[in-house]
Amino acid sequence: MSTTKQRIGIVGARGHTGAELIRLVAAHPALELAFVSSRELDGQRVADNVDGFTGELRYASLDADAVAAQRADVVVLALPNGKAEPYVEAIDKAKPETIIVDLSADYRFNEKWYYGLPELTRQLWRGEKRISNPGCYATAIQLSIAPLKDLLAAPPVSFGVSGYSGAGTTPSDKNNPEKLRDNLMPYSLTGHTHEKEASRHLNLPVEFMPHVAPHFRGLTVTTNLYLARPVKREEIVQRFNGAYEGEKLVHVVDEAPWVSHIAHKHHVDIGGFAVSNDGKRVVVVATLDNLLKGAATQAMQNINRAIGVDEYTAIPV
Ligand SMILES: NC(=O)C1=CN([C@@H]2O[C@H](COP(=O)(O)OP(=O)(O)OC[C@H]3O[C@@H](n4cnc5c(N)ncnc54)[C@H](OP(=O)(O)O)[C@@H]3O)[C@@H](O)[C@H]2O)C=CC1
Ligand SMILES: CC(=O)N[C@@H](CCC(=O)OP(=O)(O)O)C(=O)O
């Protein structure tokens, strides 16, 4: 590993995921922050806005051309969906060798981009410098279904509940603590982007019903799977243990995990494995922190691989 640090910039750095990435980069031995872009926090010190960050770095409001003009080896786009394209185009034109990691859904369906869910797609990376980072629910859904893919008799159905940080900082009912109090808010009950994303990358239809809840961070996905033959619980557990053996960020647990235990953790817990009496139905529960394994931590895994350091560098495992 070279002793020179690689330079990384974050666009959309005011947001929930941008702030988590700033913390991860600050503790990274091979990366230094080149710039952090926010329109609203333009000129303010990062240290005054991100707990635990020290130093004099300040936010700057940079448009696409200004981002492309920065000296950076890696650019992370942490913008709302639908905003990435001008930045990608400007970087493609000015500095095509820059590694771009996009946290939004904008390139998750683009064949030219590597889809970076390392535990499932690590071997598919061919050195691409355009990396789309999976969605938070889509990560939990795919990790819950992948070990049983060949056993399925019907499309799996996933029921998701997310903390409201999943809805970003743009005000809406889904991140309004008043409207969420004592409430569970269903939304996008058919056709959610993560339904399409998980279906595409698992290569099988998945049905997904998301909800948002009053807690801030952490999500649960409970997936019902109908199986083509009767299966004992031990076989299911063995399949999950086998699939994720050695995976530092996927913990296979016995009982159904609780979302209250996963906030601020970098890994996914998968467990439950409740099997019906006839052995042909199993329910799997996954929890993850939507801002970490659902976004920033997964991005850091992808960045680490792209810059040629150990995948878990700077990720507390
Ligand atoms: N929150 C989560 O749990 C997850 C989020 N994601 C995805 O990651 C991305 C970022 O999410 P999150 O951090 O929650 O979002 P936030 O709403 O918290 O932050 C969005 C950021 O983008 C900036 N921004 C907003 N609109 C524009 C614009 N038109 N042009 C330039 N900058 C803009 C905002 O800062 P400013 O206005 O100051 O410029 C802010 O820094 C989204 O695509 C989201 O879908 C993925 C997985 C999980
Ligand atoms: C609670 C909530 O609103 N969650 C977001 C998912 C966050 C995420 O992973 O977003 P992207 O796929 O957009 O990157 C949603 O359902 O759209």
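## Polar contacts of ligand 1

In this predicted model, a polar backbone atom of H16 lies 3.0 Å from an oxygen atom of ligand 1. Two further backbone contacts involve neighbouring positions in the sequence. A backbone N or O atom of R39 is placed 2.8 Å from an oxygen atom of ligand 1, and for E40 the corresponding distance from a backbone N or O atom to a ligand 1 oxygen is 2.9 Å. On its own, ligand 1 exposes 890 Å², of which the protein buries 88%.

## The shell around ligand 1

Ligand 1 is surrounded by 27 residues, and the closest of these are T17, S38, R39, L79 and N290. R39 therefore appears both in this closest group and in a backbone contact with a ligand oxygen. By class, the shell of ligand 1 comprises 14 polar, nine nonpolar and four charged residues.

Two helices contribute to this shell: α1 (16-26) and α9 (292-307) each provide at least two of its residues. At the level of domains, residues come from both domain 1 (6-133 + 294-307) and domain 2 (136-290), so ligand 1 lies between them. The space that ligand 1 takes up is the largest pocket.

## Polar contacts of ligand 2

Ligand 2 has polar contacts with both side chains and backbone. An N or O atom in the side chain of H194 is 2.3 Å from an oxygen atom of ligand 2, and a polar side-chain atom of Y187 lies 2.6 Å from an oxygen atom of this ligand. The backbone takes part through G166, where an N or O atom is found 3.1 Å from a nitrogen atom of ligand 2. Taken alone, ligand 2 has 430 Å² of accessible area, and the protein covers 85% of it.

## The shell around ligand 2

There are 15 residues around ligand 2, with R108, K174, Y187, H192 and H194 coming nearest. Y187 and H194, named above for their side-chain contacts with ligand oxygen atoms, are thus among the nearest residues. The shell of ligand 2 divides into seven polar, six nonpolar and two charged residues.

Domain 1 (6-133 + 294-307) and domain 2 (136-290) each supply at least three residues to the shell around ligand 2. Ligand 2 sits in the largest pocket, and the space taken by ligand 1 is likewise the largest pocket.

Terms used
Residues are numbered from 1 along each chain as its sequence is written. Chains are lettered from A and ligands numbered from 1 in the order in which they are written. This is a predicted model: local features need pLDDT of at least 70, side-chain atom pairs count only at pLDDT 80 or more; totals for chains, interfaces and linings use all residues. Side-chain values use heavy atoms; hydrogens and water are left out. A residue is near a molecule or strand if one of its heavy atoms lies within 4 Å of it. A polar contact is a pair of N or O atoms within 3.5 Å; within protein, one must be able to donate a hydrogen and the other to accept it, and residues adjacent in sequence count only if both atoms are side-chain atoms. Accessible areas come from the Shrake-Rupley method with a 1.4 Å probe; for residues, only the protein chains shown count as cover. On a 1 Å grid over the protein atoms alone, a cavity is a set of points where a 1.4 Å probe fits but cannot get out, and a pocket is an open set with protein on both sides within 12 Å along at least five of seven lines; lining residues have an atom within 4 Å of a point. A molecule sits in a cavity or pocket if more than half of its atoms lie within 2 Å of its grid points. Helices (H or I, at least four residues) and strands (E, at least two) are DSSP runs, numbered from the N terminus. Ala, Val, Leu, Ile, Met, Phe, Trp, Tyr, Cys and Pro count as nonpolar, Asp, Glu, Lys and Arg as charged, and the others, Gly among them, as polar. Domain bounds come from an automatic or database domain assignment.
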